[in-house]
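Me: I'd like to go through this model with you and ask how some of its labels are earned. Could we start with the pocket?

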Amino acid sequence: MKKSIMLLVIILFIFINGFCIFYVTKQTNKVKVSLRGNDYVKIGFGSEYNDEGVFIKRGDKELSLDDMDSYDVISNVDLSNVGIYEIKYNFKYEGVDYNLVRKVEVVDYTAPQITTNVNEVTIGYCDSKAVDNLDYKAVDDYDGDITTKVVKEEKDDKFILSVTDSNGNTTTKELRKIQSEKPADKITLNGKSYMNVVVNTTYEEPGAYISDGCGNKLEGEVEIKGSVDTTKVGKYDITYTAKDNKELKAVRTVNVYEKKATDGVIYLTFDDGPGGYTSQILDVLKKYNIKATFFVTLGGSDAIIKREFDEGHTVALHTATHNYKVMYASLDAYLNDLQQVSDRVKRITGTESKYVRFPGGTSNRVSKVAMSEVAAAVTSRGYEYFDWNVCVEDAGSCVSASDKRACVVSKFKSGISSKRSNIVLLHDIKSYTAAGLEEMIKYALNNGYTFRAIDANTSPVHFKAYR
Ligand code: ZN
C-alpha cells in the first residue's frame with residue numbers, strides 16, 4: 001500500500017471511530033420521558049386510585065422526579081365526584097422543560113339497588129291500580145335515594161320496577177304478580193252496613209243492589225226484610241236478598257241510640273290523692289251536687305276513698321308508688337304498680353276500677369318501657385286510660401305563680417270549651433286547687449257547662465305515646 005493511501009485509511013479510521021464515539025455519547029445522554037400506564041384512565045367512583053407516575057430515562061439510567069432540577073405534580077382528581085380530571089407533571093431537567101398530562105375519568109359503574117319487602121304480590125281481582133300500591137325503595141351509591149325515579153310497569157304476571165341513576169346505570173327488579181280469583185256476585189249495600197240513628201229521628205232505607213264481586217251493579221231485584229223502630233233504642237237488622245237468587249244475601253244493622261250530649265261537659269279529675277285537701281274538695285262537690293273522678297294512689301286514708309265512692313264519684317287508678325323510676329322500669333313493674341292500687345280500691349269500695357291515669361300522661365318520655373306498650377297492655381286487660389285536654393297547671397306553671405289559686409282558676413276558665421267534652425286535670429293534694437274549686441264550678445255552671453264523673457260512656461282523651 002502506498003504511504004498516502006495508508007494515511008487516508010488511518011484518517012478515515014480515526015474519523016469514523018471518532019464519529020462513532022461522538023454518536024454513542026450523544027445517544028447515551030438523550031433524555032426520554034413518558035407517562036407510565038395509559039394517558040387516559042377510567043376509574044370507578046369511590047374506589048382507590050394509585051397513579052403510576054412518569055417514566056424518565058437518561059441513557060440506560062432510569063431517573064425519578066427527585067433527580068430533576070425541579071418538578072411539580074398538579075392533580076384535581078376528585079374520586080367522590082364523577083368527572084374528567086387531569087394530573088399534570090411539570091419538571092425541568094438540564095435546562096429543558098417537560099410537561100406531561102394524564103386524564104383521569106371518574107365513572108359511576110355501580111347500578112342502583114331496588115329493595116322490596118316481598119318478591120310476590122297478591123292483588124285482588126277488583127284491584128286495578130295494584131301497581132300504584134307497591135312498596136319499594138331505590139338507593140344509589142352516587143345519587144342517594146332515587147325512589148321517586150322508579151318506573152313501574154305491570155306486565156302479564158309480573159310487576160317490573162326499573163330505575164336509572166344519573167350516570168346511566170340501570171337496575172330492574174321483577175315481582176311476581178298473583179291475581180286472586182274473581183269473587184262471586186253479591187249484594188252491595190248503599191250506605192254503611194252498621195248505621196247509627198238517633199232515637200226519635202227518622203231512618204231512611206238506603207237500599208241495596210246486586211253486583212258482581214267487584215261491586216259493579218247487575219240487573220235484578222233486591223227484597224228487603226225487617227224494619228227499624230226509631231222510637232225505641234235498640235239494634236235492628238235489615239236483610240237484603242236477591243229475588244232470583246236467595247243465596248245472595250246481606251245484612252245491615254241499624255243502631256237506634258240515645259244521643260249523649262257531651263259538648264260542654266266537664267270531667268273534673270283529681271290526681272295524686274287522697275290528700276289533705278280531698279275532704280274540702282268533696283264538700284264543695286257535694287254543695288253543688290257535682291260528680292267528679294279521683295285517680296288515687298296508695299297514700300291518704302281509706303275513709304276518704306270510701307267517701308268518694310259513697311258520694312257517687314268515680315274512684316279511678318293512678319299509681320301505687322308514683323315513682324317513675326320504679327313504676328316505669330318495665331312493663332311488669334308498671335302492671336305490678338297498677339295492681340297494688342287496684343287492690344286497694346277494690347278492698348275499700350268492693351268494686352274493681354277500670355279507669356287509669358298514667359303518671360305523666362301517655363306522652364311522658366320518662367318511662368323506660370314504651371308507653372304505647374303500656375297503653376296496649378292496660379287496654380287488653382280491660383282498662384281504659386285517660387289523659388286530659390284541660391290542665392289547670394296546679395302541679396305545673398302555677399306552682400311558681402304569686403297567686404297560685406288565681407292562676408289555677410284562670411287556667412281552668414281559659415282551658416274549658418263548650419264545643420267539646422273537657423277532661424280537666426287537677427290535683428287534690430294542692431291547697432290552692434281546693435281553694436279555687438268553688439270559683440271554677442260557679443264559672444262553669446254560669447256558662448252552661450255540666451259536670452260528670454268518668455264512666456263507661458266517657459270518650460277518653462289519649463295523648464300520643466312518643467314511642
Ligand atoms: Zn300524679
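Reply: Happy to! This is a predicted model, and its largest pocket holds about 180 Å³ of space. Of the 17 residues lining that pocket, Gly360, Trp388, Ala395, Leu425 and His427 are the closest to its centre. Two elements, β21 (265-273) and β27 (422-427), each give two or more residues to the lining.

Me: What makes a residue such as Gly360 part of the lining of the largest pocket?

Reply: A lining residue has an atom within 4 Å of a pocket point. Gly360 is among the 17 residues that line the largest pocket, so Gly360 meets that cut-off.

Me: How do the residues of that lining divide into nonpolar, polar and charged?

Reply: Seven are nonpolar, five are polar and five are charged. Gly counts as polar and Trp as nonpolar.

Me: How do you know that the span of helix α5 agrees with its number of residues?

Reply: Helix α5 covers residues 331-349, which is 19 residues. At 1.5 Å a residue they should span 27 Å, and the end C-alpha atoms are 27 Å apart, so the two values agree. Just after α5 comes Gly350, with a positive phi near 80°.

Me: Why is Leu338 in α5 called buried?

Reply: Buried means under 20% relative accessible area. Leu338 is listed as buried, as are Tyr334, Val341 and Ile348 among others in α5, so each of them falls under that cut-off.

Me: Which elements do the buried residues of α5 pack against?

Reply: They pack against β22 (293-296), α3 (302-310), β23 (314-317), α4 (324-327), β24 (355-356) and α6 (371-380).

Note on methods. Residues are numbered from 1 along each chain as its sequence is written. This is a predicted model: local features need pLDDT of at least 70, side-chain atom pairs count only at pLDDT 80 or more; totals for chains, interfaces and linings use all residues. Side-chain values use heavy atoms; hydrogens and water are left out. On a 1 Å grid over the protein atoms alone, a cavity is a set of points where a 1.4 Å probe fits but cannot get out, and a pocket is an open set with protein on both sides within 12 Å along at least five of seven lines; lining residues have an atom within 4 Å of a point. Grid points are joined across faces, edges and corners, and a volume is the space filled by probe spheres set on the points. Helices (H or I, at least four residues) and strands (E, at least two) are DSSP runs, numbered from the N terminus. The expected span of a helix is 1.5 Å times one less than its number of residues. Buried means under 20% relative accessible area, exposed over 50%, partly exposed in between (1.4 Å probe, protein chains only). Contact means heavy atoms within 4.5 Å.
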